[in-house]
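Colleague: Could you walk me through this model? I would like to start with the strand pairing and then see where the talk takes us.

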Amino acid sequence: MAPMTSVDPADLSLTQTEVGGGDSVAGPERGGTDLPRFADLTTMGVGGTIRRLVAAHGRGEVIDVVRRADADGLPLCVIGGGSNIVAGDDIFDGVVVRDLSRRVDVVSRTDDAVVLRVDAGMMWDDLVGLSVERGLAGIEGLSGVPGTVGASVVQNIGAYGQSVSSSVCRVEAWDRPSGRVVVLTPSELRFGYRTSALKTSMYAAPAVPATHFFPTPRYVVLSVDLALESGGIGTVGYGQLAHALGTEVGDRLPVREIRAAVLRVRATKGMLEDPHRYAIPVMAGMRDRSAVDAALEDMRRETGSDAQDADRHSCGSFFMNPVLSAAQAGGLPDDAPRFPVDADGLGNGDGHARVKTSAAWLIDHAGFHRGFRLSPDAPAALSSRHTLALTNRGGARAADVAALATAVRDGVRGAFGVTLVPEPVLVGIGLD
Ligand SMILES: Cc1cc2nc3c(=O)[nH]c(=O)nc-3n(C[C@H](O)[C@H](O)[C@H](O)COP(=O)(O)OP(=O)(O)OC[C@H]3O[C@@H](n4cnc5c(N)ncnc54)[C@H](O)[C@@H]3O)c2cc1C
């Protein structure tokens, strides 16, 4: 493959500079009365005020903010789309930084493949839309996953038979303890099911924050290289998607059709981000405007109105699907779903020995059905369309979400002896 300098990026280069925010969005210098809130920056719509929120234009500014926060010993949270963060109700007495860089470059191109280098701040679905438009395959199944490219590699986003780890060939990151920019290879990233070396750097054990580097990993992602196939044809990788397309798993179809089908299926499950969130000033300009308009138009067409979706405030799946030993899986009821996986929770089990089950099935069969809430007027509830999504029905506080999550986790543990692990990063709050 040709090195980046000799490649003509002619028809595949995008630089978006018109992003909202400005430099210091808010801070103590603004008097403390109008501090920004995690509730406005996260899809769950809960969370207290933030001492200082900085919008960084480019890697130099990101590194500078991170370095200074670390040197001053301040809590640091690098935030992307806030779609995998549940923040507590108390003030976050530290620095929250958002990377506004959105550049996509061609690193190399052959007849059948293209490598893209994408800034961490680029919104993931804007990248998928752009790639699909240019006939690139490999991430179309991840259409509609909210958030940024930088965060996509932290938990190795996955959906409909694809994981970002299958396309990632290189990550550039700021290594906080050494104070250097480092390049991480796929083997160094140690991707697994909803995990990576970036994510494990934040945890001492599953769901137990590490003393250092929480709620943001040791490595702050600056850019991600993705290798995608040319030719405009992708592979249907998941049964439900195949059904929606009237085809079979493994069939090859145009990536545009696959993306459209994924977005339709996600909409029926309430698993799309609420596009209305980009209307509030602190979120304005974060996503490509035409993508937001298209999403609003789709919603209108489907519901026949401008009414907002009651399931809209969530983090998507709240719990990860448990990956069990064969012995643990043997203890589940006969009709519990069982998928053979490799030791990393991915693959098809050829690498042996683990069994993934469905958290949604366990939750439902432990008696927590769609729409479940702890009391009739509780402001947090399971989604009306998906037992795995915990939702803020309006006016919920983080404590309400945590109480619901604790009840679900304990109920599943009582019924099946399996302890569910939350997928979102819980900042300043835990489950009892
Ligand atoms: C409706 C809905 C549906 C979803 N569906 C899916 C799905 O199908 N599959 C899936 O895998 N996930 C899904 N998610 C979860 C979420 O979209 C992903 O986890 C996403 O990658 C989070 O991106 P973000 O930018 O919003 O991260 P944030 O929530 O902003 O941050 C999450 C974590 O990443 C860290 N982080 C952010 N940027 C960087 C960076 N540059 N460097 C280092 N660390 C960073 C943060 O510090 C934090 O620890 C869904 C969420 C919602 C709301």
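Colleague: How many bridges join β18 to strand β19, and which way do the two run?
Modeller: In this predicted model, three bridges join β18 to β19, which covers residues 354-356, and the two strands run antiparallel. One of the bridge pairs puts Val 341 opposite Arg 354 in β19.

Colleague: What order do the strands of that open sheet have?
Modeller: The order is β17-β19-β18, three strands in an open sheet with antiparallel pairing. The edges are β17 (323-325) and β18 (339-341), each of which pairs on one side only, and the twist averages 40° from one strand to the next.

Colleague: Switching to β2, is that strand mostly covered or mostly exposed?
Modeller: Strand β2, residues 50-56, is mostly covered, with five of its seven residues buried. It is joined by six bridges to β5 (residues 92-99), and these two strands run parallel; within that pairing, the partner of Arg 52 is Val 95.

Colleague: Now the domains: which ones does the assignment give?
Modeller: The assignment for the protein chain gives domain 1 as 1-13 + 102-273 + 275-308, domain 2 as 24-99 and domain 3 as 358-427. The centres of domain 1 and domain 3, taken over C-alpha atoms, are separated by 27 Å, and their contact takes 14 residues from domain 1 and ten residues from domain 3.

Colleague: How much area do those two bury between them, and which residues of domain 1 lose the most?
Modeller: Domain 1 and domain 3 bury about 820 Å² between them, 62% of it on carbon and sulfur atoms. On the domain 1 side, Pro 215, Lys 269 and Met 271 lose the most area to domain 3, together 35% of what that side buries.

Colleague: Where does Pro 215 lie, and what is the peptide bond before it like?
Modeller: Pro 215 lies in the loop between β13 (208-209) and β14 (219-229), and the peptide bond leading to it from Phe 214 is cis, with omega near 15°. Phe 213 lies in that loop between β13 and β14 too, and its phi is near 55°, a positive value in a residue other than glycine.

Colleague: Why does Phe 213 count as partly exposed?
Modeller: Phe 213 counts as partly exposed because its relative accessibility is 22%, and the buried class needs a value under 20%.

Colleague: Last one: how confident is the predictor in the chain?
Modeller: The protein chain averages a pLDDT of 91, and 92% of the residues score at least 70. Over residues 1-32, however, the pLDDT is below 50, although this stretch has 70 contacts in the model beyond near neighbours in sequence.

Terms used: Residues numbered from 1 in each chain as written. Predicted model: local features only at pLDDT ≥ 70, side-chain atom pairs only at ≥ 80, totals over all residues. Heavy atoms only, no water. Buried < 20%, exposed > 50% of the residue type's maximum accessible area, 1.4 Å probe, protein only. Helix = DSSP H or I, 4+ residues; strand = E, 2+ residues; numbered from the N terminus. Pairing = 2+ DSSP bridges. pLDDT = per-residue confidence, 0-100. Contact = heavy atoms within 4.5 Å. Axes fitted to C-alpha atoms, helices over the stretch in contact; angles between N-to-C directions. Domains from an automatic or database assignment. Buried area = accessible area lost by both parts, 1.4 Å probe.
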